[in-house]
Amino acid sequence: MSSADGPFLVELDGVVRDYRLPRRWLFSPPPVLRALDGVSLAIRPGESVGIVGESGSGKSTLARIVAGLDRPEAGRVRRGGCVQMVFQDPYGSLDPRMRVERIVGEALFGDPDGRARKRERCIDALEAVGLSADDMRKYPHAFSGGQRQRIAIARALVARPDLVIADEPVSALDVSVQAQVLNLMVDLRGRFGMAYMLISHDLAVIAHLCERVAVIHGGRIVEEGATAAVLASPRHQHTRALLDAVLPPDPQAAREKLDRARRS
Amino acid sequence: MILFFVRRLFTLMLTLLAASLVVFIVLELLPGDPAAVILGINAEDDTLAALRAEMGLDRPVHERYLAWVGDLLRGRLGRSYTYDVPVGELIAERLPVSLPLAVMAMGLATLFGIPVGAWAAARRGTVGDTLVMATSQLGVAVPNFWFAILLILLFSVRLGWLPAGGFAGYDEGLLAGLASLLMPAFALALPQAAILARLTRSAVLEALREDYVRTARAKGLERRRALIRHALPNALIPVVTVMGLQFSFLLAGTIIIENVFYLPGIGRLIFQAIAQRDLTTLRDLVVLLAATVVIVNFIVDLLYLWLDPRLRRGRG
Amino acid sequence: MALLDIAGLTVSIDGAAVLGPLSFSMEPGTSLGLVGESGCGKSMTALSIMGLLPERARLAGSIRFDGTELAGLDDRAHARLRGRRMAMIFQEPMTALNPVRTIGDQIAEGLLLHGLGGGDVSGRVADIMARVGLPPARFPQALYPHQLSGGQRQRVMIAIALAMQPALLIADEPTTALDVTVQLDILGLIRDIARENAMALLLITHDLGVVAAMCERTMVMYAGRSVESGPTRAVLGSPAHPYTRGLLDALPTGDRIGRPLRVIPGSVPRAGDRVDACAFAPRCAIVGPVCRERTPGFTDLASGQTVACHFADGAGGTGGVGRTGGMNGRTG
Amino acid sequence: MRGVLDRASGGAWHGGLALGSMLTFILVAAALLSFVWTPFPHAAMDIRNKLAPPDMTHWLGTDQFGRDVLSMMLVGARNSILVAVVAVVIGAGIGIPLGSTAAWRGGWVDELIMRMSDFAFAFPALLSAVMITAIFGPGAVNSIIAIGIFNIPVFARLTRGSSLPVLQRDMILAARLAGKGGARISIEHVLPNISAVLIVQATIQFALAILAEAGLSYLGLGTRPPEASWGRMLNEAQTLMVLAPHLAIFPGLAIVLSVLGLNLLGDGLRDMLDPALRHQGRM
């Protein structure tokens with residue numbers, strides 16, 4: 001399950017994805033919403049790339065295309081390795097009718113390993129995210145939001161992925177639990193060496209985990225580069241707007257930001 | 001918005017076309033030769049053949065179907081075997097019974113069901129609510145024909161206030177005619193009113209959980225006013241859907257109820273057409289009923305537009 | 001006299017305590033931020049004041065607003081104050097407006113209800129809409145909510161609240177559901193409107209940056225109680241409670257890339273799991289035996305903070321010189 | 001106060017569930033009992049004893065042929081259950097796969113299945129049942145088919161409607177990512193999550209099927225003699241209403257109590273299986 005030929009794990013070239021909306025007149029062509037408009041992006045093995053954008057920017061569509069859950073209208077997608085996902089909502093992403101063992105084991109569907117071996121791998125994955133073998137028999141409702149997100153990460157981990165796509169993995173969690181999950185993600189990368197594609201609206205979260213960031217706006221990548229550089233000297237107007245919108249927990253600085261925004 | 005209309009009209013046509021096709025094919029499958037039914041078992045072979053030719057039964061199936069649909073579209077209905085009169089006349093004769101019956105039943109169901117359901121929702125958990133819910137639970141469970149029998153036992157047999165059956169006609173005034181439809185309409189309306197009451201109650205309770213009701217209350221509306229002005233208009237959307245479906249149940253119910261009360265209506269006509277294998281009549285009636293249901297559902301769609309601005313697309 | 005004075009407020013649902021005991025007060029025209037994570041009782045506090053608690057909830061204690069005791073007030077009397085003297089903006093602009101009524105109608109409703117429109121309700125609505133950034137030329141009153149974006153709907157919500165010029169404006173996570181680039185516009189609008197009309201602002205949020213920008217005073221809540229309150233500058237600048245400190249430390253900031261964040265272990269307790277002890281004890285870094293035996297009282301610090309921690313006196317190195325206050329220590 | 005809270009939060013339904021289970025149990029027990037014991041053979045006539053009011057020998061009286069009403073009603077219960085069970089099995093067996101397919105595939109498959117069910121709804125169900133029995137002849141088997149066919153769109157629509165929100169959840173993406181196909185995902189993820197709704201609907205359709213069977217038999221299109229049927233008993237009772245009202249009362253009561261029991265059971269199950277519905281109303 002190592003990365004395939006070429007230096008890139010995933011390579012997107014000029015990817016376009018349209019969604020057809022209901023037509024407004026009987027014979028008029030249906031209006032088209034262009035979710036992705038010529039996106040090119042490449043992720044190397046072991047690299048962490050952040051995708052930042054607001055709702056409707058196309059970031060979730062991008063995630064699905066990279067994961068192979070959706071096909072582009074135009075452009076090329078090359079994938080060389082196992083891709084797994086972690087989702088935003090720790091309640092909707094785990095089937096409430098399944099025990100943890102089946103939930104985590106689902107990612108091994110189609111894997112040639114035997115039953116006992118699969119079970120061992122599930123336990124390993126659960127232990128890697130800080131849960132225990134005892135939790136295998138429980139249902140999701142027995143866990144808190146943060147623990148559920150750990151289960152979701154274990155599910156992604158068990159298939160030994162080369163790339164984990166995390167779509168807003170902490171935005172539904174309590175502030176005090178967010179840091180636990182972010183730390184876990186950093187820790188797992190150190191131990192298993194997989195690449196991350198982290199999707200978020202929160203630049204601070206991305207800055208914490210990713211060395212490279214792409215800013216997506218209106219279906220296009222408007223700025224891309226090393227995270228530190230982009231944060232320090234944003235070039236695109238939208239990146240600046242995103243940075244300006246972050247309010248620091250410091251009354252003086254936060255008020256000045258708000259005042260500036262009111263005047264402009 | 002216009003698109004919405006056109007689409008609905010299109011599906012409406014398609015449904016009617018499919019309905020006519022199904023009715024035609026199904027009745028084609030019916031064992032027995034209509035000509036033989038008319039002439040009886042002892043008919044000579046050549047008279048049979050002559051009648052078959054006259055009725056067009058010797059033509060290929062698709063030709064007969066097209067001829068029938070063509071006639072229907074021009075408003076020409078067939079001729080009843082058993083009564084030997086045009087089906088149109090039969091219907092015209094019976095409509096003054098069935099139409100007021102259906103309208104009265106639907107009206108009664110609506111006038112009772114919706115206000116009672118909203119009332120119960122407003123008083124959720126009180127004795128009144130529990131009583132309404134228990135009564136409606138019973139109302140849903142009572143077969144309308146049995147309820148009709150009970151009504152006859154009470155009001156005709158015991159009290160002698162209303163006729164036990166039959167239709168007096170409108171010769172002695174509109175009221176006298178409607179009086180003989182009163183019990184049948186009640187019997188038809190009971191289960192529908194019960195269903196509407198339950199549905200309205202749960203739809204209102206559901207709407208009460210919505211954020212906008214809390215917004216309204218935050219503005220200073222009391223519980224009851226928020227219920228009437230904000231929850232109810234939204235709750236009516238699912239209620240209207242069900243009313244459209246109920247109309248079709250109501251039509252079916254008239255077949256039974258008109259039989260219980262010996263009312264000379266469309267429902268009884270259908271029943272007799274089946275019993276007497278009167279194909280032309282049956283075929284035309286079923287398509288007409290299907291058309292009525294489809295048109296009522298179209299009206300329901302129009303009501304949607306009125307109730308739910310989200311369907312009126314576009315700004316302004 | 002205080003505009004709002006809450007004393008010993010508790011709320012329970014089906015016998016399980018979900019809020020309190022809680023005490024605080026607000027002067028007219030001031031701003032207070034309620035901060036905390038999910039389930040800590042922020043929204044319950046707002047709904048208690050508004051009289052919009054779920055039917056099954058039971059309220060005890062005292063809420064004095066504008067000289068009127070709200071606890072135990074019947075719905076009719078409470079409704080006369082709601083909208084007129086106190087208004088509320090909710091989190092979800094997509095669901096908080098009635099989908100089948102026009103926005104003009106929904107803004108006017110409160111005016112008509114409280115008899116405030118004067119002769120020209122429609123003109124008044126147009127004025128209010130212009131004030132919240134929905135100019136009549138582009139936003140006719142006949143629009144329906146589904147024809148507006150999330151930010152525009154939140155402006156309508158603000159217009160509804162503003163219409164009757166209440167003395168108290170409660171905003172419950174008003175920008176959480178919005179995009180970050182819209183957030184500043186909406187926050188600024190709320191702040192300016194509260195200032196211009198001398199309204200007291202009670203802002204509920206989980207975002208420390210939002211309180212920092214918006215509120216003079218801050219109250220941090222955990223498991224249904226206040227753990228720390230005081231001037232925002234002091235609470236965020238030199239947090240005295242280990243929970244407040246933990247929240248600030250857990251925020252990912254750009255200057256700590258790659259290094260582990262300091263975490264608060266464990267998770268927020270579920271409502272009803274509360275015991276007579278410090279609720280934060282299981283997750284606390286400086287926990288001692290006393291924390292599991294008694295609920296801490298309030299300690300007033302020289303910096304103006306009031307802290308509910310057994311180790312508030314110097315233990316956290318915040319520099320505040322403490323004196324011990326009573327169980328019912330107030331802030332305000 | 002505890003009592004008031006209970007009632008407001010659905011406590012009253014537990015009473016409903018108990019009553020519903022009891023009535024349903026009685027219905028099933030009566031049907032089973034009829035296989036091994038009835039007070040009299042249900043088709044045995046005793047002309048000398050005709051139209052007898054309820055007494056110690058004939059607990060519920062006799063009809064115009066002197067047949068024992070109670071015996072006929074016990075056998076009628078068996079008949080009602082049989083018709084209803086098979087009709088619901090037909091409706092659910094075909095409707096649930098259709099609805100699942102429509103929800104999963106979307107597009108024209110969805111459109112086609114839903115238009116077909118619209119179409120089935122456009123025909124008044126009972127009218128169509130009347131037509132089917134008219135064509136294929138009256139009898140229990142034909143009324144089962146007729147009622148079953150009209151259960152199909154009910155289950156198809158319900159399955160589709162409740163599947164769609166489940167399919168929107170991220171757990172479905174996770175399953176697709178693991179390489180699972182539509183049918184497998186429907187069976188493993190979607191159906192278990194909507195089973196509560198389907199079970200509740202099944203009890204309601206069961207009740208409706210009993211009503212429909214009674215209606216058809218009342219019109220003389222359902223179960224044929226000598227099998228006993230509550231609907232036909234009512235038909236025969238109507239002409240004798242003045243002479244022997246008991247003939248009209250008891251079979252009707254049997255229908256009402258059976259349908260009531262099943263509906264209460266359905267409502268109770270819904271409240272029990274769906275915690276979200278337990279606490280209705282925010283105000």
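**Exercise 1.** Find how many salt bridges there are over all chains, then see what the A:Arg17 pair does.

*Solution.* Take the rule (a side-chain nitrogen of Lys or Arg within 4 Å of a carboxyl oxygen of Asp or Glu); the count comes to 45 over all chains. Heads-up: this is a predicted model, where local features need pLDDT of at least 70, side-chain atom pairs count only at pLDDT 80 or more, and totals for chains, interfaces and linings use all residues. Residues are numbered from 1 along each chain as its sequence is written, chains are lettered from A and ligands numbered from 1 in the order in which they are written, and side-chain values use heavy atoms, leaving out hydrogens and water.

Next, pick A:Arg17: its partner is A:Asp70, with the closest N and O atoms 3.0 Å apart. A:Arg17 lies in strand β1 (residues 10-20) of chain A and A:Asp70 in the loop between α1 (59-67) and β4 (74-79), so the pair ties together parts 53 residues apart in sequence. Helices (H or I, at least four residues) and strands (E, at least two) are DSSP runs, numbered from the N terminus.

Last, check burial (buried is under 20% relative accessible area, exposed over 50%, partly exposed in between; 1.4 Å probe, protein chains only). A:Arg17 is buried at 14%, and A:Asp70 is buried at 15%.

**Exercise 2.** Work out which side chains form the salt bridge between chain D and chain A.

*Solution.* Start with the count: one salt bridge between these chains. Then name the pair: A:Glu106 and D:Lys180, at 2.7 Å, N to O.
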